[in-house]
Amino acid sequence: RKEEVATFMEITDKMEKGISKSKARAVFVSGIAGSGKSHLVQPFTEAVSHLGWIVARAKFKRRRPHASLGIVSAMLDGVVSNVVKMKEGGQPADVAYSERVARSILNTIGTDGLPWLVPLVPSLRMLFNDIDWGHPPDTNVHTEWKLIYLVTMIIESVLDTDRFIMICCDDLQWADKSSLQLMTEVIINLGNSIGGRCLFIGAYRPDEVDDNHPLAIQLSMLQLSQDVKMTEMILSGLSKTDIVDMLMMELKLPHRIVDELAAVVRKKTSGHALYVVEMLNSLLNESFVTYSTQKCQYVWDMDRIDFIRTGDNVAELISSNLSSLTLESQHVLRILSCFGLQTDISLLEVLEKKFQKGMISSLKDFFERGVLDQAGPI
């Protein structure tokens, strides 16, 4: 994922240099389950955290849309609790920062507004432990815009003049409508107020989001906003080159030795990141790939590996990928299926000349996708 990592690095670099200071940034990473979305984002969030960025994380749950607001609440509370830890840590710079945040929150929200946020952000009680909170108001009477305003003010106060925030949300396809609306409006408001010091990263599965899904609607709103610059990353399957790089790094072998193994792994997994990792682990665990003390390197038998049966999950993935073929390629597959488990290339050449143009040229795509196996040269 070198290209995607480079995009992330470019965005944060421009933000820190003030090149894109007029707008909030939003990056949406899409890909099917197991395509490596979380694996791509996780180390990046850790890296910016070490650079002093404030990182807020949330991961939504399947079949639990009613819990979405609670997940957003926990994310915001985590931001404030970090400020509380600085306050209690005793380091002069951290204590001074926490005091500035507290003053800013008090000045912008006031003692009347704070009780409204306590049910959503409980750590506010520890940040303002000298305030008599009394009985918190009924949060059910919150207006949507009041909540959006208060949350925006909290995040603005936490961000000092030289601080940046990354809000990272995973599995957005399972977030409910109200939580998605809240996050969208807060991002737009932050873009209008603090501009290029807010980076939102959202990951989702596009196969679970149609045009009427709440997430699709919020994505359209962000695209149209003048206060947010949006970037979309679509994680496709790993290419043969990606797998070659993985094998070269893990097995400490040159390209020419791992190239054929990478091609077989790509074919049998359709490039699905999760299945690639599972297959490589299986090859090691089941001794298809072993370390030779005589050669002082890893070795394997390509004939044995080539005969490994494709797992049911991978077979389902390959089948689902057939829908992305062109109508002409699908027609070629129907013709090939009439000849049973295998057929000779000379017969296909005759068919191409007489009936179906492009039949031979379609074969390479079928081999790469793992739909067909090739025995011998074409």
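Me: Which helices each supply at least two residues of the lining of the largest cavity?
Reply: The model is predicted: local features need pLDDT of at least 70 and side-chain atom pairs pLDDT 80 or more, while totals for chains, interfaces and linings use all residues. Residues are numbered from 1 along each chain as its sequence is written, and side-chain values use heavy atoms, without hydrogens and water. A cavity is a set of points on a 1 Å grid over the protein atoms alone where a 1.4 Å probe fits but cannot get out, and lining residues have an atom within 4 Å of a point. With helices taken as DSSP runs (H or I, at least four residues), numbered from the N terminus, the suppliers are helix 3 (68-89), helix 6 (144-158) and helix 7 (177-193).

Me: Which helix gives the most to the lining of the largest cavity?
Reply: The lining includes L182, M183, V186 and I187. Four residues come from the leading contributor, helix 7.

Me: How many polar residues are in the lining of the largest cavity?
Reply: V72, M75, I155, I167 and F200 are among the lining residues. Val, Met, Ile and Phe count as nonpolar. By class the lining has eleven nonpolar residues, no charged ones, and polar ones number: none.

Me: How much space lies in the second largest cavity?
Reply: Two cavities of 30 Å³ or more are counted, and the largest holds about 90 Å³. Volume here is the space filled by probe spheres set on the points, which are joined across faces, edges and corners. For the second largest cavity the value is about 60 Å³.

Me: How many polar residues are in the lining of the second largest cavity?
Reply: T184 and Q218 are among the residues that line this cavity. The lining has eight nonpolar and no charged residues, and the polar count is two.

Conventions. 1 Å grid on protein atoms, 1.4 Å probe; cavity = no way out; pocket = protein on both sides within 12 Å on 5 of 7 lines; lining within 4 Å.
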